[in-house]
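User: Please take a close look at one helix of this model, at what surrounds it and at how it meets its neighbour, and then place that part in the wider chain. I would like a single connected account.

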Amino acid sequence: MGINNKPLSPSKETSHCTSLFLLMVLLVLLQFHFGASELQLNYYSTSCPHAEAIIKDQVTKLYNEHGNTAVSWLRTIFHDCIVKSCDASILLDTDKIHGIESEKDSIRNFGMRNFKYINTIKKSIENACPSTVSCADIVALVARDGIKLLGGPYIEMKTGRRDTRESYASVVEALIPDPNASLTTALSRFQSIGIDTEGTVALLGAHSVGRTHCVNLVARLYPTPDPTLDPAYASYLKGRCPTPNPDPKDVLYARNDRETPMILDNMYYKNVMNHKGILHVDQELVSDPTTLPIVKKMAADNSYFHEQFSRALLLLSENNPLTGDQGEIRKDCRYINNS
């Protein structure tokens, strides 16, 4: 069979060149995508071999002194990673010199605390391995160790994240669902970063620990209690939040789970099935036909809840991280490095 040496027509040649160009562009984009998400287990095994042990020791020490720190670490990873990237943007303080407006000041981050202890941990790491371990990885690892101390699963966290040099304060309110948002809004927001319905239901189980400030729940109590609330539970909440207009400075709150308030377990799902969901989104889980079967399964099986929680938290913790030569390794988690 002879070889056809007939030259391509101009139109075919143009089409051929266009296809090659598009293929090259696709390969470059794929390389960028994989490079931007290149995290690995034990990333610091050579550069700072004791990093994870130092962090675990500090987390345990702080938990023994201030048990609520473990809950703070869980909330911090949520509020950092759901806003564009897991890059420690939430840790930045306002810095007028560098044009940084802190995300901590957003109403969505009202009541968040214990940030100062992140820097305590960072100092311990800096003493051992200067300018090596990122604040973004510290956020991930303290959450891992805090979850375990709260009776939750041990989650193998990959590392290798780098820290952003910018704040996303202007978009925090758009990217973190309002405490009184609907379940549809919550599902949509988590799905936008690759977390499915089952994973979102599991992540809401984080409401099994900690507390909710009255400013975020009085809408369900006044002027009349939400009819989906158990009457006795509504009375308890009104006792904790006696006014429809609480002063934020008073820090009035109610425990998310009265039975096991410091254990990350499936009591949350049992509570919502008994009409004791503290937020509107919690109670909606049992009125939505797509989430109710998942709630029932998690209420009946704590291991299943932990399994799905681990899966979803890993997805959240790996949301669009900075890696390679992106961003920086901050020396102080509160401020970007001087250029």
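Analyst: Helices and strands are DSSP runs here, a helix being H or I over at least four residues and a strand E over at least two, and they are numbered from the N terminus. The model is predicted, and on this reading the protein has 13 helices and 2 strands. The part I take up is helix 8, residues 197–204.

Helix 8 is mostly covered, since 6 of its 8 residues are buried; these are Gly-199, Thr-200, Val-201, Ala-202, Leu-203 and Leu-204. Their cover includes helix 3 (68–81), helix 7 (183–191), helix 10 (267–273), helix 11 (280–284), helix 12 (292–300) and helix 13.

Of these neighbours, helix 13 (residues 302–317) can be described in detail, as its axis comes within 8 Å of that of helix 8 and the two cross at roughly 105°. Helix 8 is therefore roughly perpendicular to helix 13. On the side of helix 8 the contact is made by Glu-198, Gly-199, Ala-202 and Leu-203, which meet Tyr-304, Phe-305, Gln-308, Phe-309, Arg-311, Ala-312 and Leu-313 of helix 13. The residues of this contact divide into 7 nonpolar, 2 polar and 2 charged. Gly-199, Ala-202 and Leu-203 of helix 8 take part in the contact and are also among its buried residues.

Helix 3, another part of the cover of helix 8, contains Thr-69. This residue counts as buried because its relative accessibility is 0%. A polar atom of the Thr-69 side chain lies 2.8 Å from the backbone oxygen of His-66, and, leaving aside residues up to four places away in sequence, Thr-69 touches Leu-62, Tyr-63, Asn-114 and Tyr-117.

For the wider chain, 49% of the 339 residues count as buried, and of the contacts with a separation of 6 or more, 76% join residues 24 or more positions apart.

Some backbone details lie in the loops. Ser-131, in the loop between helix 4 (115–128) and helix 5 (135–149), has a positive phi of about 50° although it is not a glycine, and it is partly exposed, with a relative accessible area of 36%. Val-251, in the loop between helix 9 and strand 2 (253–255), likewise has a positive phi of about 50° without being a glycine. The peptide bond from Tyr-222 to Pro-223 is cis, with omega near 0°, and Pro-223 is in the loop between strand 1 (211–213) and helix 9 (231–240).

Notes. Residues are numbered from 1 along each chain as its sequence is written. This is a predicted model: local features need pLDDT of at least 70, side-chain atom pairs count only at pLDDT 80 or more; totals for chains, interfaces and linings use all residues. Side-chain values use heavy atoms; hydrogens and water are left out. Axes are lines fitted to C-alpha atoms, for helices over the stretch in contact, and angles run from 0 to 180 degrees between N-to-C directions. Angles under 35 degrees count as roughly parallel, over 145 as roughly antiparallel, 65 to 115 as roughly perpendicular and the rest as oblique. Contact means heavy atoms within 4.5 Å. Ala, Val, Leu, Ile, Met, Phe, Trp, Tyr, Cys and Pro count as nonpolar, Asp, Glu, Lys and Arg as charged, and the others, Gly among them, as polar. Buried means under 20% relative accessible area, exposed over 50%, partly exposed in between (1.4 Å probe, protein chains only). A polar contact is a pair of N or O atoms within 3.5 Å; within protein, one must be able to donate a hydrogen and the other to accept it, and residues adjacent in sequence count only if both atoms are side-chain atoms.
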